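Subject: Structure handover and notes

Hello,

Please find the structure below. My notes on helix packing and on a few single residues follow it.

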Amino acid sequence: MSVNVTGLRVLVTAGASGIGRAIATTFLKQGARVHICDLSTETLAAAASELPGLGTSVTDVADPVQVDRLFDEANAHLGGLDVLVNNAGIAGPTGPVETLDIAAWDRTMAVNINSQFYCARRAVPLLKAAGGGLIVNLSSVAGLFGYPLRAPYAASKWAVIGFTKTLAMELGDFGIRVNAICPGPVEGPRIDGVIRARAEAQGEAFAVTRERYLRQNSLHTFIQAQDIADQMLYLCSPAGRKVSGQALAVDGNTESLRV
Ligand code: NAD
């Protein structure tokens, strides 16, 4: 997919690998200016060496002090902001609710939803100064369905949708669009880890659980990180300019998350 995003100033959280990396790479290749942050110094360094022009910050987005530093660094690198991609999110624990660790619940909420607030509150003044812009919050199909054994993840991803719809209403007057993207399971090490944890919790083989995941959606498919990057491009294209307040599922039509 090709969209003219020349000169667009884009900040992607957790952009050193996975979906964030695909978004950062796609936007850089199509002429945007991109700054990413990540927890992992090593993957950030690898991304910076492979993608000339990329700005990087070591940041735990669950920490508001580190997010403040991120925005100072991103603003210095980009000279303003047109697009914020709140991509950071962790899978959190898998298990029956009564067995879940309180610290693991809190960490899932902190990374998956608190961080989006910390970033949005710093991004909005920059987007207003730019005369408009776009915020995209990564939710999940777990933000659209109940998800047995994944209560913290599902709760945090439903919170993302509420946050998105509210900001879209608050910011429309300023020409700022706010959307959520809800991917289905994306092929890669993260989903392998999720499937492994589920297989262990249910006492079955990895391959059996993996097949169950494929049966959750009508197209019996996993998603590619590039599918999400292309959805981002669509939102930045003329075809996406009237789209705001939406939870856009890219998921082969999930029918249920009961695995
Ligand atoms: P991932 O697990 O591959 O991690 C990507 C990056 O996030 C890593 O480089 C990691 O270091 C970084 N990271 C983790 N915690 C961080 C923190 N606190 N601060 C900064 N960086 C941090 O992630 P992914 O699979 O690419 O997922 C990206 C987003 O998409 C998440 O919000 C996730 O919940 C959502 N999502 C993913 C899938 C999937 O199947 N992968 C499906 C639906 C939704």
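Helix 4 and helix 5 (residues 151-171) pack at an angle of about 15°, with 8 Å between their axes. Please keep in mind that this is a predicted model. Angles under 35 degrees count as roughly parallel, and helix 4 and helix 5 are therefore roughly parallel to each other. Their crossing is right-handed. On the helix 4 side the contact is made by Trp105, Thr108, Met109, Asn112, Ile113, Gln116, Phe117, Ala120, Val124 and Lys128. Helix 5 contributes Ala151, Pro152, Tyr153, Ala155, Ser156, Lys157, Ala159, Val160, Phe163, Leu167 and Leu171.

One of the helix 4 residues in that contact is Thr108. Helix 4 covers residues 102-129, and Thr108 sits within it. Its relative accessibility is 0%, so Thr108 counts as buried. Leaving aside residues up to four places away in sequence, Thr108 touches Ile90, Gly92, Pro93, Ile113, Pro152, Tyr153 and Ser156. Of these, Pro152, Tyr153 and Ser156 are also among the helix 5 residues listed for the helix contact.

Thr166 belongs to helix 5. Thr166 has a relative accessibility of 41% and therefore counts as partly exposed, the range between the 20% limit for buried and the 50% limit for exposed. Twelve residues separate Thr166 from Val178 along the chain, and their C-alpha atoms are 8.9 Å apart.

The second helix pair is helix 6 with helix 7. Helix 6 has 14 residues (189-202); at 1.5 Å a residue they should span 20 Å, and the end C-alpha atoms are 20 Å apart, so the two values agree. The buried residues of helix 6 are Ile191, Val194, Ile195, Arg198 and Ala199. They cover an arc of only 135° around the axis, which puts them on the same side of helix 6. As general background, an α-helix has 3.6 residues a turn, so residues three or four places apart point the same way. The exposed residues Pro189 and Glu200 are on the face of helix 6 turned away from its buried side. After helix 6 comes Gly203, with a positive phi near 65°.

What do the buried residues of helix 6 pack against? They pack against helix 7 (206-214). The angle between helix 6 and helix 7 is about 115°, and their axes are 9 Å apart. The roughly perpendicular class runs from 65 to 115 degrees, and helix 6 and helix 7 are therefore roughly perpendicular to each other. This crossing is right-handed. From helix 6, the residues that meet helix 7 are Asp192, Val194, Ile195, Arg196, Arg198, Ala199 and Gln202. Their partners in helix 7 are Phe206, Thr209, Arg210, Arg212 and Tyr213. Val194, Ile195, Arg198 and Ala199, which take part here, are among the buried residues of helix 6.

The last residue on my list is Leu51, in the loop between helix 2 (41-50) and strand 3 (55-58). Is Leu51 buried or exposed? Its relative accessible area is 9%, and the cut-off for buried is under 20%, so Leu51 is buried. Not counting residues up to four places away in sequence, Leu51 touches Arg21, Thr25 and Leu28. Leu51 and Gly162 are 111 residues apart in sequence, and their C-alpha atoms are 34 Å apart in space.

Regards

Technical notes:
Residues numbered from 1 in each chain as written. Predicted model: local features only at pLDDT ≥ 70, side-chain atom pairs only at ≥ 80, totals over all residues. Heavy atoms only, no water. Helix = DSSP H or I, 4+ residues; strand = E, 2+ residues; numbered from the N terminus. Expected span 1.5 Å × (residues − 1). Buried < 20%, exposed > 50% of the residue type's maximum accessible area, 1.4 Å probe, protein only. Arc of directions from axis to C-beta. Contact = heavy atoms within 4.5 Å. Axes fitted to C-alpha atoms, helices over the stretch in contact; angles between N-to-C directions. Parallel < 35°, antiparallel > 145°, perpendicular 65-115°, else oblique. Left-handed = near helix turned anticlockwise from the far one by under 90°.
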